[in-house]
Amino acid sequence: MTLDARLIVRRDTGFRLDLALRVRPGEVVALLGPNGAGKTTALRALAGLLPVDEGRIELAGEVVDEPGRPDRFVPPERRNLGVVFQDHRLFGHLSALENVAFGPRARGVRRRVARASAMEWLGRLGLAELARRLPARLSGGQAQRVALARALAVRPGLLLLDEPTAALDAGSRLAVRAELSRQLADFDGCAVLVTHDPLDAMALATRLVVLEAGSVVQDGTPAEVATRPRTDYVAALVGLNLCRGTVDGADVEIEGFGRVAQAGGRSETGSVLVAFPPAAVTLHREAVPCSRPVTVAEVAAGGIGVRVRLADPPGISADVTPAAMAELGLAAGARLWAAVRPDEVRCYPP
Ligand SMILES: Nc1ncnc2c1ncn2[C@@H]1O[C@H](COP(=O)(O)OP(=O)(O)OP(=O)(O)O)[C@@H](O)[C@H]1O
């Protein structure tokens with residue numbers, strides 16, 4: 001079962017989503033992006049809650065949405081999908097078991113068989129003892145795991161996960177993320193995960209599709225995206241500084257920063273994107289080779305000790321130890337010198 005979709009959706013606010021998405025069986029694609037990027041719009045279109053204005057959606061070879069062909073629009077309940085929402089949305093008057101049995105029952109499976117299968121799913125997710133509990137008596141993490149069992153119990157060809165850990169506290173988030181990871185590894189349908197959370201995306205997805213303002217800005221494996229961010233949003237997400245630059249021999253000229261010398265082994269030449277971690281930026285009271293004067297914008301806890309955001313050049317952060325903070329007299333407005341460790345600089349085509 002493959003998902004093949006081209007989603008063009010317009011909103012009266014002027015927003016336009018344009019997303020081509022192909023998900024193969026066993027793939028987990030995370031849709032990541034800042035607020036208003038169009039992630040929920042895409043998920044709603046896939047679920048059949050919002051028809052596309054142009055494009056089409058094909059699930060396992062069946063067209064389920066194609067504008068101009070109303071006969072082809074398949075409503076949500078008849079698409080072969082399971083959905084996990086941010087807030088579990090379990091039926092409050094049904095026990096955990098009845099919630100999980102609900103989908104198979106609605107598809108005509110006999111009560112006894114549906115309950116047996118629901119019990120099996122609850123067992124698989126380590127929830128067997130909670131089978132008789134009503135949702136109001138489950139913790140947030142337990143309820144979310146029941147919601148996952150409910151989505152999987154219909155054996156969906158397409159599993160949609162909408163910020164599945166966002167409403168949980170830190171401890172439950174870890175437990176639910178681990179459970180999701182286990183279940184997704186065994187899931188042989190297509191999965192689409194919408195999230196703001198880079199950890200969810202990195203831990204759960206086999207591919208990341210990053211949306212900004214309705215368009216795809218980056219598409220790749222978690223490792224590719226984490227090491228070669230293409231926009232400031234993606235760079236911030238994966239904790240890297242991102243600049244434009246030029247490679248000339250072994251040297252890199254970072255725009256707004258200056259020359260980083262003798263990194264060696266550069267395969268690129270000409271214009272490049274340059275990414276480096278904040279820990280690769282060193283701060284000094286006096287000029288050192290290949291350093292430039294900088295002004296501190298903000299000092300905050302973060303990274304390995306203290307994260308320093310620079311005002312000039314803008315958009316660059318450095319991680320320093322608390323000891324270095326004291327030694328350098330770090331505070332907003334401080335004027336220092338900064339250099340970048342060349343061996344931690346990665347250059348790639350823009
Ligand atoms: N019902 C609606 N009517 C009109 N415009 C809408 C509607 N819902 C969302 N939009 C607009 O569509 C755009 C995309 O919104 P969407 O909710 O898909 O983004 P998102 O990436 O899911 O954001 P978030 O991370 O904040 O949930 C936004 O500009 C939003 O204002």
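**Core, domains and ligand shell of a predicted model**

The largest nonpolar core holds 95 residues, and A30, V100 and V192 have the most contacts inside it. A core of this kind is a set of buried Ala, Val, Leu, Ile, Met, Phe, Trp, Tyr and Cys residues joined through C-beta atoms within 7 Å. Helix α4 supplies the largest share of this core, with eight residues. At least three core residues come from each of domain 1 (3–234) and domain 2 (239–348). The model is predicted, so to speak of local features takes pLDDT of at least 70 and side-chain atom pairs count only at pLDDT 80 or more, while totals for chains, interfaces and linings use all residues. Residues are numbered from 1 along each chain as its sequence is written.

As for burial, a residue is called buried if 20 or more other C-beta atoms lie within 10 Å of its own, exposed if 12 or fewer do, and partly exposed in between, with C-beta atoms placed from the backbone. By that count, 37% of the 350 residues of the protein chain are buried. The C-alpha trace of the chain spans about 75 × 45 × 40 Å along its principal axes. The chain carries nine helices and 20 strands; these are DSSP runs numbered from the N terminus, with helices (H or I) of at least four residues and strands (E) of at least two. Contacts are scored when two C-beta atoms, placed from the backbone, lie within 7 Å. Among contacts between residues at least 6 apart in sequence, 64% join residues at least 24 apart.

The chain splits into domain 1 (3–234) and domain 2 (239–348), with bounds that come from an automatic or database domain assignment. Their centres, taken over C-alpha atoms, sit 39 Å apart. Five residues of domain 1 and seven residues of domain 2 make up the contact between them. On the domain 1 side, the touching residues are one nonpolar, one polar and three charged. Here Ala, Val, Leu, Ile, Met, Phe, Trp, Tyr, Cys and Pro count as nonpolar, Asp, Glu, Lys and Arg as charged, and the others, Gly among them, as polar. In the UniProt record, an unreviewed entry, the annotation "domain: ABC transporter" covers residues 1–238; positions follow the numbering used here, feature names are shortened, and annotations may be inferred rather than shown by experiment. Over residues 1–238 the chain is 35% helix and 24% strand, and the end C-alpha atoms are 31 Å apart.

Next comes the ligand. There are 13 residues around the ligand, of which R11, N35, K39, T40 and T41 come nearest; a residue is near if its C-beta atom, placed from the backbone, lies within 6 Å of the molecule. The shell breaks down into two nonpolar, eight polar and three charged residues. T41 also turns up among the contacts of L17, a residue of strand β2 (residues 16–23). Leaving aside neighbours within four places in sequence, L17 is in contact with L7, I8, V9, G38, T41, A42 and G214. L17 counts as buried because 24 C-beta neighbours fall inside 10 Å. L17 and N99 are 82 residues apart in sequence and 34 Å apart in space, C-alpha to C-alpha.

Back in the core, A30 touches L193, T195, A201, L204, A205 and L208, not counting residues up to four places away in sequence. V100 belongs to helix α2 (residues 96–106), whose buried residues are A96, L97, N99, V100, A101, G103 and P104. Helices α3 and α4 are among the elements that cover them. Just after α2, G108 takes a positive phi of about 90 degrees.

L125 sits in the loop between α3 (111–124) and α4 (140–153). With 19 C-beta neighbours inside 10 Å, L125 is therefore partly exposed. Beyond neighbours within four places in sequence, L125 is in contact with R145, L148, A149 and E179. L125 and R145 are 20 residues apart in sequence and 7.1 Å apart in space, C-alpha to C-alpha.

Two loop residues have a backbone worth a look. R155, in the loop between α4 and β7 (158–162), has a positive phi of about 45 degrees although it is not a glycine. R155 is partly exposed because 15 other C-beta atoms lie within 10 Å. C290, in the loop between β15 (281–284) and β16 (292–302), has a positive phi near 60 degrees, again in a residue other than glycine. C290 has 17 C-beta neighbours inside 10 Å and so counts as partly exposed.
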